[in-house]
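Biologist: Hi! Could you pull up the model so we can chat through it?
Modeller: Sure, here it comes.

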Amino acid sequence: MNTMNGPIDADGALVDVLIELSAAAALTLRNSGLAVPAPVPLRAVIDTAAEVTCIDTQALAPFVAAGATRRRFVLANLPALGGLMLNSEYAMSVTLVHTSGNPRANLVLRNLPVLEQTLGPLGYQALLGRDVLEYCLFIYDGRSKTFLLAF
Amino acid sequence: MNRPIHFSPTLEVLRAEIVTYLRELPRLLAEGQEGRFALIKGDQLLSIWDTFDDACQAGHELFPMGTVFLAQPIEARYLNCPWPEQYLPRKAT
């Protein structure tokens with residue numbers, strides 16, 4: 001199991017993630033001789049109240065332009081965004097970047113359904129929800145203002 | 001579902017597929033298909049799959065990249081949602 005620590009700041013427990021097309025969508029593009037968009041780095045807040053991971057509209061834009069489309073709708077509880085929401089999902093690849101910089105220590109989820117939301121003004125571009133946390137151990141140490149994440 | 005539900009404008013892209021899903025959902029549930037995944041394009045239910053990945057793969061094989069289709073889990077809870085009028089299937093006259 002890989003473990004990493006980070007500070008808790010005014011926005012909460014923030015981590016670095018990379019988003020890219022799902023493995024299936026990238027394969028479809030390659031088989032068609034089309035370019036696959038490069039991964040996009042984002043700051044993400046760990047949100048234990050969010051059922052589903054959310055990504056900012058602008059961050060998703062290059063992937064939508066490359067042909068990523070919504071594949072299903074979901075009823076999700078997102079208290080930070082107003083409560084129960086019926087929204088459409090994209091299947092994306094999401095990589096939780098380990099602070100060591102060692103790519104082999106990253107958590108890679110190659111076909112994760114994510115919701116599109118406008119998050120830009122909040123200071124981070126993604127909410128990491130319980131769909132990602134179910135692969136992790138998460139300890140929030142409010143006294144020392146640090147968190148631990150293991151996966 | 002007593003709490004209010006917000007309907008995202010992004011659902012509009014899938015409106016035709018959602019109408020088809022809601023039209024077919026009672027029959028699929030009656031056939032015991034709950035938990036499986038319906039592949040839907042426009043007003044047609046194309047096939048039923050065991051996993052989301054299988055349904056998506058079937059859709060990718062059928063349609064070019066960027067084509068709208070739905071790979072939706074068959075769930076009874078969506079029958080109880082207060083869907084806006086434009087998503088509800090028209091009743092036969």
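Biologist: Let's begin with E89(A): is it buried or exposed?
Modeller: E89(A) is buried, with a relative accessible area of 4%. Keep in mind that this is a predicted model.

Biologist: Okay, and which side chain does E89(A) meet in a salt bridge?
Modeller: That would be R72(A), with an N to O distance of 2.5 Å. The pair ties together parts that are 17 residues apart in sequence, because E89(A) lies in strand β6 (residues 83-96) of chain A and R72(A) in strand β5 (residues 70-78) of chain A.

Biologist: And R72(A), buried or exposed?
Modeller: R72(A) counts as buried too, at 15% relative accessibility; the cut-off for buried is under 20%.

Biologist: How many salt bridges are there over all chains?
Modeller: The count comes to eight. In chain B, for instance, the side chains of R36(B) and D50(B) meet at 2.9 Å, N to O. R36(B) sits in the loop between α1 (15-30) and β2 (37-41) of chain B, while D50(B) is in the loop between β3 (44-49) and α2 of chain B, 14 residues apart. There is also a network of salt bridges linking R23(B), E24(B), R27(B) and E31(B).

Biologist: What's the salt bridge count between chain B and chain A?
Modeller: Zero.

Biologist: So how much area is buried between chain B and chain A?
Modeller: About 2400 Å², and carbon and sulfur atoms give 64% of that. On the chain B side, H6(B), F52(B) and M65(B) lose the most area to chain A, together 26% of what that side buries. As for contacts, 31 residues of chain B touch 25 residues of chain A.

Biologist: Switching to helix α1 of chain A, which residues are buried there?
Modeller: In α1(A), residues 23-31, they are A25(A), A26(A), T28(A) and L29(A). They are on the same side of the helix because they cover an arc of only 160 degrees around the axis.

Biologist: What covers them?
Modeller: The cover includes β2 (12-21) of chain A together with α2 (52-62) of chain B. On the face turned away from the buried side, α1(A) carries the exposed residues R30(A) and N31(A). Just after the helix, G33(A) takes a positive phi of about 75 degrees.

Biologist: Last one: which residues form the nonpolar patch on the surface of chain A?
Modeller: M1(A), L137(A) and I139(A), with about 340 Å² of accessible area together. I139(A) is in strand β9 (residues 137-141) of chain A and counts as partly exposed, at 42% relative accessibility.

Note on methods. Residues numbered from 1 in each chain as written. Chains lettered and ligands numbered in written order. Predicted model: local features only at pLDDT ≥ 70, side-chain atom pairs only at ≥ 80, totals over all residues. Heavy atoms only, no water. Buried < 20%, exposed > 50% of the residue type's maximum accessible area, 1.4 Å probe, protein only. Helix = DSSP H or I, 4+ residues; strand = E, 2+ residues; numbered from the N terminus. Arc of directions from axis to C-beta. Contact = heavy atoms within 4.5 Å. Patch = residues over 30% accessible without salt bridge, like charges linked within 9 Å, V, L, I, M, F, W, Y side chains within 5 Å. Areas by Shrake-Rupley, 256 points an atom, 1.4 Å probe, with all protein chains shown as cover. Salt bridge = Lys/Arg side-chain N within 4 Å of Asp/Glu carboxyl O. Buried area = accessible area lost by both parts, 1.4 Å probe.
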